[in-house]
Each structure stands twice: as C-alpha cells, then as structure tokens.
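The following exercises concern cavities, ligand surroundings, strand order and chain architecture. Each task is followed by a solution in steps.

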Amino acid sequence: MEHYTMNLNLKVWRQQNAAAKGGFKLYRVENISSEMSFLEMFDVLNEQLIHDGEDPITFDHDCREGICGSCSMYIDGKPHGPWQANTTCQLHMRAFKDGDTIVVEPWRADSFPVIKDLMVDRTAFDRIIQAGGYISVNTGNAVDGNSLPIPKDDADASFAAAMCIGCGACVAACKNSSAMLFVSAKVAHLALLPQGEPERRSRVLNMVAQMDKEGFGACTNTGACEATCPKEISLSNIARLNQEYTLASLTAK
Amino acid sequence: MTWKQVFTSSIGKKLVMGFTGIFLILFLIVHVGLNACIWVPDGGETFNKAAHFMGSMIVPRILEIGLFAGFFLHIIQGYLLTVQNRSKRSVGYAVDYGNRGSKWYSRSMGILGTLILLFLIMHIYHFWTPSRLGGMWNIHELGTVMYNGKEYHDLFNEMRIVFAGNLVIVIVYVLGCISLGYHLAHGFKSAFRTLGVHNNRYFDMIKATGYAFAIIVPLAFAMMPVSYYLGWV
Ligand code: SF4
Ligand code: FES
C-alpha cells in the first residue's frame with residue numbers, strides 16, 4: 001500500500017484517577033505516517049503534550065507486538081480498533097484517512113476501574129487466574145512432554161484457547177461486562193488436557209466464583225466478545241465452560 | 001457447594017433461563033399445534049374438542065401449573081439478570097460497538113421479553129380467563145356448542161369475537177408474534193449454548209433449527225388472528 005501522511009483529530013478520555021470525574025479532550029496530530037502503529041501515533045501526541053508542558057496521556061502497553069495483552073484502547077466504539085483479530089499495538093495508521101476524528105476511550109466496566117486516562121486496573125483477571133488457572137505438578141525432574149498421549153484435536157483446541165492474552169477486550173465489548181470469554185478460554189485450555197484433569201472440577205467452580213466476586217456480568221451469548229477478540233477465541237469455549245460448570249456444580253459435594 | 005451457590009452464580013442464573021426457556025419452547029410447540037386445528041374446515045369442531053381435552057384432562061392441567069411457574073421464573077430471572085448486568089458498567093461509552101459486534105435482538109432480550117409479557121397479559125385476558133374462570137367474579141363466559149349431544153366451550157367462536165373486525169387487536173397480536181420471533185431467534189440457540197452444547201456439529205443443527213423455529217412458529221401464530229380478520233376461517 002502506498003505510504004501517506006495524515007492529520008487527525010483525536011477525542012481522548014482524560015481522567016486524573018479512579019475517583020475523579022473524567023471527560024473527553026480534543027487533540028490534533030499532524031504528519032502522521034500511515035506506517036505508524038496506533039501507539040506510535042500516541043507517542044507522537046505525548047511528545048507534543050510534554051513539549052507544551054501538559055500532562056501526557058497514560059495508556060498501557062508492553063510488548064507492542066500483539067502478545068502481552070496490556071494495550072487496551074476502545075477506538076471508535078470497538079476494543080482494539082477497527083481491524084479484526086488485532087490488538088491496539090498492531091493497529092496501523094493506514095486504517096485511517098486524513099482528516100478523521102478518532103474517539104479513544106478506556107475499557108469500561110466497574111470491575112476494570114480507571115487508574116488514569118486510558119489505563120484500567122485489570123488485576124481482577126489475575127485474581128481469577130489465581131483462583132484456579134493453574135495445574136499442580138510435583139517438583140523434580142521435568143517430565144517428558146510426550147509421555148502423556150493427547151489426541152491431536154484436543155491439543156489443537158486447547159492451544160487455540162491458550163492463545164488468550166488476557167487483554168480484557170471481551171469485557172469491554174460485552175454489554176453485560178461479562179468476563180466469560182476470558183474465563184472460558186482459561187478453563188477450556190486446561191480442561192482439554194490430561195494435565196488439567198485432577199483439578200478440573202475445583203478449577204471451574206473456583207474461577208467462576210472469583211469471576212462473580214469481581215463483579216463481572218453474566219453472559220447472554222451475544223457474541224460481541226468473539227467478534228472483537230484479538231486472538232479469535234471462539235464463543236464455543238463459553239458453552240464448554242457452561243458444561244464444565246454445570247457438571248462440576250451438580251456433582252460437587 | 002450449596003444449591004443456593006449453584007443457582008445464584010452467574011452461570012447458575014443462566015441455567016435457569018436456559019431450562020425454563022426450553023420448557024417454554026416446548027409449550028409453544030404444543031400451543032401452535034393445537035391452535036392450528038382452527039384451520040381444519042369443520043367449523044371449529046376439531047379445535048374445540050382439542051381445547052376441551054387440554055382443559056379437562058388432569059395431565060395438561062398439572063402441566064399448566066408448571067407452565068405458569070416456568071413463565072414466572074423466566075420473567076423474574078430475566079429481569080434480575082438484565083438489571084444486574086446493566087449495573088456492571090456505571091460509565092457508558094461515547095461510541096457504541098452496536099451492531100458491528102452482535103445482532104441487535106441478541107442485545108434486546110429484555111425489551112423483547114417485556115413486549116411479549118405485555119402481549120401475554122392481554123392474551124391471557126382474551127382467552128385463558130374466560131375459558132378457565134368464566135362465570136366467576138363476573139368474568140365473561142365462553143359460549144357453548146353441542147357435538148354429538150355433548151356440550152363444549154366454543155373457543156373457536158370466541159376467537160372470531162376477539163379478532164374479526166378488530167384491526168387494532170389483530171395488529172397488536174402480529175406485533176407480539178414478531179417480538180416472539182426475534183426473542184426466539186436469539187433465545188433458542190442461546191439456551192443450548194448455556195446448557196453447554198459446544199460440539200459444532202450439533203450446535204450448527206441447533207442454530208438452523210432455532211432460526212427456522214423462530215420464523216415458522218410466530219408466523220403460524222400471527223396467521224391465526226389474520227385468518228379470522230380476513231374471514232379465512
Ligand atoms: S478472550 Fe480474547 S478478548 Fe478476552 S481477554 Fe482473552 S484475548 Fe482478550
Ligand atoms: S502491547 Fe502487548 S499486545 Fe499490545
């Protein structure tokens with residue numbers, strides 16, 4: 001694609017801290033290259049703000065290569081911006097045209113309180129993982145990975161679920177602020193493998209209990225999460241989670 | 001783990017919605033099947049006898065109590081879920097994801113359900129109260145007909161009284177059926193998702209059945225008032 005530069009208007013959510021009442025501020029950035037990533041465009045804007053003696057915009061980022069899940073911007077009404085199966089850091093400015101106005105908001109959910117500007121607190125996800133997103137192994141020599149036979153289809157499905165980077169876009173996109181796609185990916189990932197078998201029941205019960213405690217909503221299968229997920233985690237994982245939960249809760253002591 | 005914990009968890013609440021939803025879907029099959037008897041060209045005899053069977057036999061009467069319980073649970077739980085889910089995001093978005101990420105009717109189950117509920121209240125008033133409680137507390141009573149020396153409620157004629165010449169009522173019924181259609185278009189497959197169907201081979205089948213059901217059943221229902229209005233029966 002031909003390289004081009006563009007001038008843009010940005011409408012960005014600014015909020016001092018969790019308690020403050022935030023609001024949108026308008027900014028203008030000029031000579032933005034179509035080759036830049038969305039975050040690089042924000043870097044340019046922040047340089048400009050620092051130069052003007054203003055407070056730069058706070059946003060989360062780490063790897064900038066689509067694998068860590070920390071970048072989180074709700075761009076023009078869609079988490080991670082207009083492209084499919086993509087993270088904010090991998091969104092490139094060629095997605096926009098000269099003169100566009102882009103609205104950027106933080107993930108919005110009471111379970112993800114705003115820390116500052118576009119950065120939200122996603123430690124609720126960490127606590128859900130701590131509640132059961134692990135397997136217990138004895139220490140000692142590492143076991144040969146191939147010593148346990150795993151059907152190829154299960155391994156593939158488990159791997160597809162393990163792709164989840166915990167970004168929280170599913171929560172941001174969902175009208176119920178439900179974290180079910182995330183939790184279902186983590187549960188399915190381990191439930192499909194023999195290594196996950198011993199804690200299979202307690203895992204799903206504990207993770208769902210923690211999810212509810214964190215105040216996420218209940219899934220109504222609208223599919224907005226699947227549509228926005230950068231890793232294309234399938235909605236059928238949620239059905240699997242439901243099945244795992246139903247069996248575990250009905251048979252629990 | 002207590003039963004309370006199971007059914008008050010987010011997934012437990014959804015299980016209640018799913019189970020009662022499927023139960024109500026089964027009821028719709030019975031209801032539409034019975035009512036389709038109005039199109040049997042015998043002046044309503046088959047229909048009146050079928051309705052009489054449902055009203056006089058013990059099993060359908062017990063199921064009817066279950067039906068009211070099912071409706072009640074589905075409605076109450078539905079409203080609770082809608083309100084709770086809404087409360088999870090106190091600051092909304094300036095730009096909505098909207099129809100780019102999901103179908104409008106999948107996000108509008110509460111509103112569609114409310115329209116169906118309003119319809120249902122009117123519908124119960126039109127037909128259920130006169131046939132079950134007619135005569136008590138000044139409630140209007142159904143007319144009767146004789147078949148082979150036996151007296152039956154003339155529900156067939158009651159439908160004519162309600163629909164024939166009443167364009168507004170017919171339109172309201174058709175709108176009720178359209179709401180039901182959209183509610184089912186999402187609800188049918190969603191119920192099975194909630195019950196844990198993740199095998200795509202089965203789920204594709206369920207999805208196709210759900211869409212067909214959501215069109216055929218409400219359409220058949222909607223044709224009933226229309227048929228009376230246009231004088232087809
Ligand atoms: S399921 Fe997708 S959208 Fe949700 S946290 Fe994982 S990667 Fe992000
Ligand atoms: S910064 Fe790591 S995924 Fe975007």
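**Exercise 1.** Determine which residues line the second largest cavity of this predicted model, and what occupies that space.

*Solution.* Step 1: the lining includes A:Cys164, A:Ile165, A:Gly166, A:Cys167, A:Gly168 and A:Cys170. Further along chain A, A:Leu181, A:Phe182, A:Cys229, A:Pro230, A:Lys231 and A:Ile233 also belong to the lining.
Step 2: sorted by class, the lining comprises nine nonpolar, two polar and one charged residue. Lysine counts as charged, and A:Lys231 is among the lining residues.
Step 3: the volume of this second largest cavity is about 80 Å³.
Step 4: the space is the one taken by ligand 1. Helix H4 (169–173) and helix H5 (180–191) of chain A are the elements that give two or more residues to the shell around ligand 1.

**Exercise 2.** Describe the shell around ligand 1 by its nearest residues and by class.

*Solution.* Step 1: 13 residues surround ligand 1, and those that come nearest are A:Cys164, A:Cys167, A:Gly168, A:Cys170 and A:Cys229.
Step 2: the shell has eleven nonpolar and two polar residues, with no charged residue. The cavity lining, by comparison, has one charged residue.

**Exercise 3.** Characterise the largest cavity by volume and lining.

*Solution.* Step 1: the structure holds two cavities of 30 Å³ or more, and the largest has a volume of about 100 Å³.
Step 2: its lining consists of 14 residues. Nearest the centre lie A:Cys174, A:Ser178, A:Cys219, A:Cys225 and A:Ile238.
Step 3: eight residues of this lining are nonpolar and six are polar, while none is charged.

**Exercise 4.** Derive the strand order of the five-stranded sheet in chain A and name its edge strands.

*Solution.* Step 1: the sheet is open, its pairing is mixed, and its order is E2-E1-E5-E3-E4.
Step 2: strand E2 (23–33) and strand E4 (78–79) each pair on one side only, and these are the edge strands.
Step 3: within the sheet, strands E3 (residues 74–75) and E5 (residues 101–105) run antiparallel and are joined by two bridges. A:Ile75 has A:Val104 of E5 as its bridge partner.

**Exercise 5.** Summarise the architecture of chain B.

*Solution.* Step 1: chain B contains eight helices and two strands. From the N terminus on, the elements run α-α-α-α-α-β-β-α-α-α.
Step 2: the C-alpha trace of chain B spans about 65 × 40 × 40 Å along its principal axes.
Step 3: chain B has 233 residues, of which 44% count as buried, that is, under 20% relative accessible area.

Note on methods
Residues numbered from 1 in each chain as written. Chains lettered and ligands numbered in written order. Predicted model: local features only at pLDDT ≥ 70, side-chain atom pairs only at ≥ 80, totals over all residues. Heavy atoms only, no water. 1 Å grid on protein atoms, 1.4 Å probe; cavity = no way out; pocket = protein on both sides within 12 Å on 5 of 7 lines; lining within 4 Å. Points joined across faces, edges and corners; volume = space filled by probe spheres on them. Near = heavy atom within 4 Å. Sits in = over half its atoms within 2 Å of the grid points. Helix = DSSP H or I, 4+ residues; strand = E, 2+ residues; numbered from the N terminus. Pairing = 2+ DSSP bridges. Buried < 20%, exposed > 50% of the residue type's maximum accessible area, 1.4 Å probe, protein only.
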